[in-house]
Amino acid sequence: MKAIIQRVLSASVTVEEEVVSSIGRGILVLAAVAPSDTEKEAESLAAKVLKMKLWDDDTGARWKKSVQDIEGEVLCVSQFTLLASTKKGSKPDFHGAMGGDEARRLYQCFYGKVQKGYTPEKVKDGVFQAHMLVASVNDGPVTLELSTGQKAQ
């Protein structure tokens, strides 16, 4: 699995002109499932998301607090395009992303692990396979790529 996480002051997801999820201070997580991913990768990525130190502590020491430490919120959004290959030509190739029902199942597994590892009411979700308008106010900006599985970094 792969995720892009952003430290945000706020973020929201709108589908068909209706805001379906929104958060205040916390992290926006754009997550993608690869064909070789299993529940193990979903669990590992969820743990990384929740433990990543993105905020300063009360003394100003950098990169000391996680989203849990600051009691922030988490907005998870499925985004298969993170696994696109752009090596050939100008059209992205999405064979690196898992499709269909299995991708939905593993993404939901990931989302459930984030909820279970934190406070469920503070973890929100987009709409799988919907055309979403994702808005965010990036704080910093702070944006990181997280990976699990064979190509983990």
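**Cys 76, burial.** I started with Cys 76 in this predicted model. Its relative accessibility comes out at 0%, so I put Cys 76 down as buried.

**Cys 76, surroundings.** Next I asked which residues Cys 76 is in contact with, leaving aside neighbours within four places in sequence. I got Val 29, Tyr 107, Phe 110, Tyr 111, Val 114, Val 123, Lys 124, Asp 125 and Gly 126.

**Disulfides.** I ran a search of the whole structure and got zero disulfides. Cys 76 is in none, and the nearest cysteine sulfur belongs to Cys 109, 12 Å away. Why is Cys 109 not bonded to Cys 76? The two sulfurs are 12 Å apart, which is too far for a bond, because a disulfide needs them within 2.5 Å. I also looked up whether Cys 109 is buried or exposed. Its relative accessible area is 14%, under the 20% cut-off, so Cys 109 counts as buried.

**Largest nonpolar core.** I then went to the largest nonpolar core, which has 31 residues. Cys 76 turned up again here: along with Val 29, Val 74 and Phe 110, Cys 76 touches the most other members. I listed the elements giving two or more residues to this core: strands β1 (2–15), β3 (26–32), β4 (73–78) and β6 (133–147), plus helices α1 (39–51) and α2 (100–117). Which element gives the most? I noted α2, with seven residues.

**Another core.** Apart from that one I found another core, of 16 residues. I jotted down some of its members, including Val 13, Val 15, Ala 34 and Ala 97.

Notes:
Residues numbered from 1 in each chain as written. Predicted model: local features only at pLDDT ≥ 70, side-chain atom pairs only at ≥ 80, totals over all residues. Heavy atoms only, no water. Core = buried A, V, L, I, M, F, W, Y, C linked by side-chain atoms within 4.5 Å. Buried < 20%, exposed > 50% of the residue type's maximum accessible area, 1.4 Å probe, protein only. Helix = DSSP H or I, 4+ residues; strand = E, 2+ residues; numbered from the N terminus. Contact = heavy atoms within 4.5 Å.
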